[in-house]
Amino acid sequence: MTTPEARVDRGRASIQDEQPEVPEAAPTDAERAAADQALARFPDFRRDQLLPLLHAVHAETGWFSLELTRYLSQRLGVPFADLYGVISFYALFKTTPAARTVLRVCKGLPCYLHGAFALGEHLEALLGTAAEEPSADGVIGWEWFACLGQCEYAPAILVGEDVARRVTPESLEALVEEVRHGDRRS
Amino acid sequence: MATAAPSLLLARRGVADPSSIASYEAHGGFTALSQAVRMGPEWVIDQLSRSGLVGRGGANFPTGRKWQAVRAAAGGPKYVILNADESEPGTFSNRVLLEEDPFAIVEAMIVAGLTVGSAQGYAYIRGEYALAARCLQVAIQQARAAGWLGPDVLGPGQSFEIEIRRGGGAYICGEETSLFSSLEGLRGEPRSKPPFPVNAGLFRKPTLINNVETLANVPPILQMGGDAYAALGAPGLSGTRLFCLSGHVARPDVYEARGGVTLRQLLDLAGGVAGGRTLQAVLMGGAAGTFLPLEHLDTPLVPSILNPLGLSIGSGSVIIFDDTVDMWEVTRLVAEFFAEESCGQCVPCRVGTMRQVEILHRFSLGHGQSGDPELLNELGAAMTDASICGLGQTAALAVMSAFRLFPHPEGGS
């Protein structure tokens, strides 16, 4: 069992701010390719298409490095701080290296009542990685997430874009194996 | 005041094939739209006004009046927005409607476009609802192929299109002005009202924005007539409402009930407290709601009765807690939720939600200080009064209601 202190610390840790600096370096080739591919889908880019564009890029890269963010800001003509402000606003967009598939453990109240904290701790032990930290091979990671709206199926976990419902310790173990050996994407 | 509701919103659930327009039409689909095209916008607004339908997102604004205001608003283009950013903890009825009856939402949006004079609709769906977005996309494609969406579909010069936009994971974006910011490609931060969306919404143009459940009511209202719909409910809440029961209930699910239903009746529908345990607490309306005093188990759940008691149905979320739960941990989790989800734009909410968490952390660790309850109440009053949007205005309600209802934890005063 987690101590009350640890639970309180977890609450604190999830409410922190980041302070990025504009990087000098170029994005990786893969990041550039993902960005170019997404940009090509919006030839007459309007600002209101930013969220769909970011979704398209994120689906390929899994996260926005500062270098990728800078490249996008230059291509779009949107100031870096403005663009970073939008990206970091949304919980589904990662600004730190993310695993190919992220398991998001719902900590909404109905899931909490159905053992979500124990489930998350079980997942942490299974993977051997802390929340928001990808596995060494970059295949799988996990994090806590706000209510997923799957309350009648509590406890629920978002696996990439799919939902695992009424998760048990056993079904969680099977899920982890499936993700490790499959080709799911976040 | 029977609990067995006529199924208006869930009639096709598990009956019709949600991926087939033919199945939708075989179960009454598109008859409301045909009627709306035949009878015209004034008739639609009249039926909505007679129905007494109010917004189901939690604000209870009369739907007929909203549609009339957008129709009458000067300037254009006008927009119709489906608010499917359902993120209130314990709420999942919008997801069920989108996944299991998506054509009804498409039909209602087309009726809305026709009525208010808009050619462009947006369906803003929370990013975590991938399946709901796919179901709605299938329905939109089939409706387009069948000639219900596209140029001149509602008569010469009367076009309507729907574009799906997926959110990025932000509770605040369910607040209508934040949703506009998000749709416009900005941080999803709310705006001060006025101006109101009916005059200056998306792109500062007249905008009709309705919750999924609100729109789902439109086809049945047009089919049965506004008066008949109103007669289904009770004074103060006409028609039927969806309630999402979750937590410690035997059968967690979304239930449709006539206006005027009581919590005890809803609990019965859901099979009572799971495992036959004792009911300890009920959180109505999700994190933005309040813990309902158990002496109100038999109080009709209608705004005109609840609001004077400082209670509300909100989004229809009903979370049930049995007697094993540490309600102060629950209260702290609610506070942590708001501290994480505050957009940070305005001070009362950004700072207030954090101070709230800190005080509840002290309580959890048994370091509660004398004066903390008073401090929380003072803080809550400032957040409720001074925050820009509904998030900050409601972020203290559950915490303040916990202090009224639950014995203070050890170490607290």
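What follows is a walk through a predicted model of two chains, A and B, from the overall build to the places where the parts meet.

Because this is a predicted model, local features need pLDDT of at least 70 and side-chain atom pairs count only at pLDDT 80 or more, while totals for chains, interfaces and linings use all residues. Residues are numbered from 1 along each chain as its sequence is written, and chains are lettered from A, with ligands numbered from 1, in the order in which they are written.

Let us start with chain B. Chain B holds 19 helices and nine strands; helices (H or I, at least four residues) and strands (E, at least two) are DSSP runs, numbered from the N terminus. Its C-alpha trace spans about 70 × 45 × 35 Å along the principal axes. For 413 residues, a compact globule would have a radius of gyration near 22 Å, and the 21 Å of chain B agrees with that. The radius is taken over C-alpha atoms, and the globule rule is 2.2 Å times the number of residues to the power 0.38. Of the 413 residues in chain B, 58% are buried. Here a residue is buried if 20 or more other C-beta atoms lie within 10 Å of its own, exposed if 12 or fewer, and partly exposed in between, with C-beta atoms placed from the backbone.

The domain assignment splits chain B into domain 1 (21-230), domain 2 (233-322) and domain 3 (327-405); such bounds come from an automatic or database domain assignment. Domains 2 and 3 of chain B have C-alpha centres that lie 23 Å apart. Their contact takes ten residues from domain 2 of chain B and eleven residues from domain 3 of chain B, where two residues are in contact if their C-beta atoms, placed from the backbone, lie within 7 Å. On the domain 2 side, S7 and strand S8 (290-291) of chain B are the elements that give two or more residues, and S7(B) gives the most, with three residues.

A good strand to find next is S9 (residues 317-322) of chain B, which is mostly covered: five of its six residues are buried. Strand S5 (residues 240-247) of chain B runs parallel to S9(B) and is joined to it by four bridges; two strands pair if DSSP finds at least two bridges between them. In this pairing, Gly247(B) stands opposite Ile320(B). Strand S7 (residues 279-284) of chain B also pairs with S9(B), in the antiparallel sense and over five bridges, with Ala281(B) as the bridge partner of Phe321(B).

Now turn to chain A, which has eight helices and four strands. Its pattern along the sequence is α-α-α-α-α-β-α-α-β-β-β-α, and 41% of its 186 residues are buried. Chain A is divided into domain 1 (29-87) and domain 2 (101-181), and 28 Å separate the centres of these two domains, taken over C-alpha atoms.

The four strands of an open sheet in chain A come in the order S2-S1-S3-S4, with mixed pairing. Strands S2 (140-145) and S4 (162-164) of chain A are the edge strands, each pairing on one side only. Neighbouring strands of this sheet are turned by 25 degrees against each other on average, direction ignored. Strand S3 (residues 157-159) of chain A and S4(A) pair in the antiparallel sense over three bridges, and Val159(A) has Asp162(A) as its bridge partner.

Two helices lie across these strands. Helix H7 (residues 116-127) of chain A crosses strand S1 (101-106) and S2 of chain A, running at about 155 degrees to S1(A). Helix H8 (residues 169-181) of chain A lies across S1, S2, S3 and S4 of chain A, at about 130 degrees to S2(A). For these angles, axes are lines fitted to C-alpha atoms, for helices over the stretch in contact, and angles run from 0 to 180 degrees between N-to-C directions.

Finally, look at where the chains meet. In all, 46 residues of chain B are in contact with 35 residues of chain A. The chain B elements that give two or more residues to this side are strand S3 (161-166), helix H8 (176-183), S5, S9, helix H15 (327-341) and helix H16 (347-364). H15(B) gives the most, with seven residues.
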